[in-house]
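Visitor: I would like a close look at one part of this model, followed by its surroundings. Please take it step by step.

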Amino acid sequence: MSFRLRLALLFVTTLVAVQVFTAVLVYEVARRGVIAEGERQLAAGADAVARQLDDISARVADNVHVLALDYALRAAIAQRDEGTLLSALRNHGRRIGAARMLLIGLDGAVRSDTVEADAVGHAFPFPDLVDAALDHPAAAVVAMGGKAYWMIVVPVYAPGPIALIAAGIPVDNDLLTHLQQLSALPNTLELISDSGGGHWTGIAHGGELTLAPELMATRRDLPLQPTVVAVGGREYVALAKRLKESERSAPIAALLAYSLDDALHPYHSVVLAWASLLALGLAGGLIGALLIARSVARPIEVLANTARRIESGNYAPAPPLRGLGEIGQLAAAFVSMTHAIAEREEHIRYQALHDAVTELPNRQAAEDGIQRFLRDSSQPQGALLMIGLARLPEIIQTLGHAIGDRVMRDASERLRAQSSGAFIARVTDTQFSLWLDHADADIARMRAARVLEILSIPYREADVSLDTAPAVGIALAPLHGHDAGTLLRRAEVALIAAPGAEHAVAVYDEATDPHRPERLGLMGDLRKALDRNELHLCYQPKLHLASDVIDGAEALLRWQHPQRGALPPDAFIGLAERTGNIRAVSRWVIDRAIAQAAEWARGGHALRVAINLSARDLDDATLPDLIADRLAAHAVQPHSIVLELTESAVMSEPDMAVRVFDRLAQCGIELAIDDFGIGQSSFAYLRRLPVREVKIDRLFTQALADDAGDRALVQSMVELGHRLGYRVTAEGVETAGALDFLRAIGCDHAQGYYIAAGLEPTIVQDLLASRAVRAGALA
Amino acid sequence: MNLARSAIVGVGLLLGASAPAAELSVLVTDSHSATIADAVVSLRGEHDQPLRAVPSPITKIIDQRGEAFIPYVEIFRPGDQVVFHNSDRTRHHVYSFAPAKSFEFVIGSGRSAPPVTLDQIGEIAVGCNIHDRMIAHLYVSDAPHVAKSGLDGRVVFDDLPTGAYSVQVWHPQLRPGRTEPPRATILESTPVNLTIALSLLPDPRAGADDPERSKY
């Protein structure tokens with residue numbers, strides 16, 4: 001529901017409520033007034049009825065009295081001339097308007113009756129009237145033969161009382177109507193009689209209307225006080241008045257009623273006028289309310305639209321709304337609020353995109369800005385200089401963040417001072433970025449040199465002089481990346497290399513990037529390679545120096561990558577170790593190597609195959625079982641294989657290594673320490689391992705022919721190994737001199753290019769065969 | 001003297017004890033204890049015979065003066081005569097419908113009607129057909145002792161033989177058909193006082209200024 005509608009509804013409902021309330025109030029007041037008036041009129045009317053009936057009786061009594069003085073009548077009575085008497089009574093009855101005339105003897109017996117001849121000789125039914133008549137005029141309403149009479153009894157004197165004349169005036173509809181007309185009585189006058197057991201029935205009524213049957217059907221008691229009653233859906237004030245009645249007659253009452261509806265009738269025109277006024281007022285009020293609501297709601301709708309626009313980020317000022325009082329104030333407040341929000345948002349945006357210390361754009365802003373340039377420029381070329389202050393962490397740790405901030409601010413100011421056409425940002429705590437549009441490598445290097453020149457001047461504060469050790473890494477677009485994120489990352493990689501580089505400036509070199517993402521892709525390829533048989537093993541023979549017999553070979557892993565070509569183990573083993581793929585590789589190698597050993601054994605070549613394990617393989621508790629299983633599967637003797645582990649691998653997981661090595665040794669498998677001499681092996685520790693062999697690293701053997709120091713070292717190592725009970729193998733034997741020296745000092749085995757490189761299994765077999773021939777020839 | 005006791009024990013107790021004379025005083029009042037004049041009190045001793053005929057009939061004159069009969073009540077003995085005399089200057093039409101004697105005279109001013117012999121006992125109401133308020137009552141009684149009360153409402157019988165008597169009171173304004181019942185009383189030598197209260201109708205002779213009367 002719109003505001004406009006609600007406002008209009010409020011107006012209208014309020015108006016209607018007030019009007020209806022007032023109308024009800026006025027109606028109620030009027031009704032009470034009418035009731036009070038009705039009660040008053042009824043009381044007066046009831047008295048008037050009684051008085052008029054009395055008047056009638058007095059008049060009739062007077063008339064009867066005059067009649068009774070008629071000498072002839074008296075003579076007829078005294079002389080009991082009944083015929084004359086009856087005719088005289090009829091005659092006189094007509095004169096006075098009596099419907100029934102009776103002559104009653106002093107003994108109370110009817111002597112003559114103008115209506116019912118049968119009544120003659122019977123007692124007059126209302127002796128109390130006869131008794132009273134001698135004292136004063138006796139009159140009462142009586143019911144006789146189903147009709148009501150106003151019965152008036154008058155004695156006849158001749159000159160003493162000799163008889164009584166009873167005159168019955170019929171109280172009928174005509175009389176009541178007459179009474180009503182005479183006295184302007186309320187609109188209903190009825191006569192009701194108790195027809196037995198409190199059951200009141202109507203006898204006669206004035207006017208058209210009779211209420212008694214319906215009213216008295218529902219009640220037993222008479223409404224002796226003015227009472228509001230409802231009859232036939234209309235309301236009346238009713239009042240009953242008991243009439244003067246004979247003791248012997250059924251109770252009779254006059255029932256007067258005053259119609260409230262009729263009394264309220266004059267108000268109907270008032271009500272009509274009121275309703276018309278209300279309707280007019282409603283219409284006027286509605287229109288007015290709509291107009292007002294319109295004048296209020298319009299600006300509010302405008303403001304609502306403005307608010308929605310602000311919500312969507314459009315801070316254009318709202319259209320001016322003038323001369324509208326509160327709404328105008330609201331509009332003004334809206335405008336100022338819009339400005340405030342815009343300012344605040346600008347502030348927040350600035351904070352979000354700027355570094356608070358240097359007030360330079362932050363990394364996000366730098367990335368956005370560079371990205372925007374690369375996207376929008378027709379020639380997306382440029383250079384990103386990543387400027388790092390290498391000593392800053394140290395400065396902060398030593399002197400605190402406050403001075404760190406000041407150093408950075410100082411550096412930012414220096415950069416800004418010479419940053420013509422460059423986009424500078426602070427991308428990390430210790431690094432600034434500087435973007436040069438359209439710059440190539442040479443420009444970038446020149447710019448880097450200038451930057452370093454400026455930043456190399458130590459920062460001075462009080463008596464402290466701080467050298468920040470600036471360095472610059474450079475990434476070039478589009479050479480090193482087409483998007484800002486890549487450029488930033490690569491410039492950072494370059495920066496890592498920069499401190500060691502000449503002039504502390506380094507351009508990104510993909511080859512030295514250890515973080516190239518494609519390496520991750522390599523691991524997926526590695527898993528596929530296992531399935532696709534892209535991996536294979538080659539074997540480097542091991543020469544037993546004492547017998548000059550090749551009695552062993554080291555299995556070396558090779559990967560023929562479909563795109564990258566042959567990959568050395570270094571290129572993917574370390575990655576496989578880090579990504580958890582090494583186990584699958586190791587299992588494959590173990591299986592293949594044992595199978596090869598079995599094959600050679602079948603071919604009559606007793607070659608002990610050396611298998612390299614990874615440090616990660618030590619985590620695998622199932623490894624010994626696996627190897628035992630493979631050995632059994634290929635029917636290979638445990639001593640036919642040697643497991644090689646690098647010194648560093650052993651040292652990284654010493655406890656695990658001890659457990660695994662023990663179990664392997666129990667299986668009869670010999671273990672060798674690879675790369676002996678360059679790690680941090682503890683002899684005390686090595687002694688705990690069931691190691692049978694150590695392999696001296698190529699580092700010591702390569703220059704063996706020339707370097708006396710190396711010779712001394714190798715000799716010592718061989719002696720030490722032997723003393724400790726190890727077989728000693730020298731790796732990296734590349735010259736005859738080295739081989740001769742090793743043989744001379746008693747080294748057990750030699751391995752190296754001079755003897756043989758890593759060879760395919762078949763070639764190894766060929767080699768063995770040829771050596772056997774040669775040996776046989778020599779022998 | 002207790003009337004109730006006398007009514008029960010009176011008759012026969014004093015038979016034959018007729019030597020001394022006794023006196024009876026009857027006071028007639030209305031229901032408000034006001035004395036009533038013109039009340040006729042009749043006494044009948046238990047051995048008294050009704051009077052058959054008057055040895056010497058008397059003629060009594062009922063005068064008409066100032067549109068009134070004077071006296072209002074007159075006692076007659078059977079055989080007595082009554083003469084109506086008109087002392088007014090108007091004519092009077094005297095009539096009676098009474099069963100005891102009915103008559104009708106138009107009497108001119110200063111004239112008298114012929115005598116009427118009242119030979120039957122009973123009450124004869126006499127009126128004037130011209131003047132409604134003129135009423136007289138002729139009371140013809142055969143009781144041995146009969147008298148009417150004066151303005152003091154008292155009737156005194158002296159020199160009565162002692163004995164049992166029935167006492168009856170009549171008044172023209174007694175309610176029709178409700179004659180006062182006779183009362184028994186015993187007379188001894190000492191005077192007996194009897195008070196009888198009557199309930200009376202209004203006096204029909206009342207003047208035009210009588211509001212009650214004027215209603216009729």
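Visitor: How many residues of chain B are in contact with chain A, and how many residues of chain A do they meet? After that, please look closely at strand β22 of chain A, residues 641-646.

Guide: The model is a predicted one. In it, 15 residues of chain B are in contact with 18 residues of chain A. On the chain B side of this contact, 8 residues are nonpolar, 3 are polar and 4 are charged.

Now to the strand. β22 of chain A covers residues 641-646, and 6 of its 6 residues are buried, so the strand is largely enclosed by the rest of the structure. Burial here requires 20 or more other C-beta atoms within 10 Å of a residue's own. Both faces of β22(A) meet that condition: I641(A), L643(A) and L645(A) point one way, V642(A), E644(A) and T646(A) point the other way, and all are buried. The charged side chain of E644(A) is thus listed with the buried residues.

β22(A) has strand partners as well. Strand β21 of chain A, residues 608-612, runs parallel to β22(A) and is joined to it by 4 bridges. Within this pairing, N612(A) has E644(A) as its bridge partner. The connection between these two strands involves helix α17 of chain A, residues 623-634: β21(A), the helix and β22(A) make a right-handed β-α-β unit. Strand β23 of chain A, residues 670-676, is also parallel to β22(A), with 5 bridges between them. There, V642(A) stands opposite E670(A).

Next, the nonpolar cores. The largest has 128 residues, and the members that touch the most others are M151(A), I152(A), V153(A), L164(A), I165(A) and A254(A). Helix α1 of chain A, residues 3-68, gives the most to this core, with 11 residues. Another core, of 70 residues, lies apart from it; L643(A) of the strand is among its members, as are A593(A), F676(A) and V691(A). Back in the largest core, V153(A) touches L129(A), V130(A), A133(A), A138(A), L164(A) and A166(A), leaving aside residues up to four places away in sequence.

One further buried position in chain A is L175(A), in helix α5, residues 173-183. L175(A) counts as buried because 20 C-beta neighbours lie inside 10 Å. Its C-alpha atom is separated by 7.5 Å from that of G206(A), 31 residues apart along the chain.

Chain B supplies sheets to set beside the parallel pairings of β22(A). One open sheet of chain B has 4 strands in the order β12-β2-β14-β15, with antiparallel pairing. Its edge strands are β12 (145-148) and β15 (183-187), each paired on one side only. From one strand to the next the twist averages 25 degrees. Inside this sheet, β2(B), residues 40-45, and β14(B), residues 163-170, pair in the antiparallel sense over 6 bridges, and V40(B) has W170(B) as its bridge partner.

A further open sheet of chain B, also of 4 strands, follows the order β4-β3-β6-β9, and its pairing is mixed. β4 (69-70) and β9 (116-118) stand at the edges with a single partner strand each, so one side of each is left without a neighbour in the sheet. β3(B), residues 59-64, runs antiparallel to β4(B), and 2 bridges join them. In that pairing Q64(B) stands opposite F69(B).

Methods:
Residues are numbered from 1 along each chain as its sequence is written. Chains are lettered from A and ligands numbered from 1 in the order in which they are written. This is a predicted model: local features need pLDDT of at least 70, side-chain atom pairs count only at pLDDT 80 or more; totals for chains, interfaces and linings use all residues. A nonpolar core is a set of buried Ala, Val, Leu, Ile, Met, Phe, Trp, Tyr and Cys residues joined through C-beta atoms within 7 Å. A residue is buried if 20 or more other C-beta atoms lie within 10 Å of its own, exposed if 12 or fewer, and partly exposed in between; C-beta atoms are placed from the backbone. Two residues are in contact if their C-beta atoms, placed from the backbone, lie within 7 Å. Ala, Val, Leu, Ile, Met, Phe, Trp, Tyr, Cys and Pro count as nonpolar, Asp, Glu, Lys and Arg as charged, and the others, Gly among them, as polar. Two strands pair if DSSP finds at least two bridges between them. A crossover is right-handed if, with the strands pointing away from the viewer, the path from the first strand over the helix to the second runs clockwise. Axes are lines fitted to C-alpha atoms, for helices over the stretch in contact, and angles run from 0 to 180 degrees between N-to-C directions.
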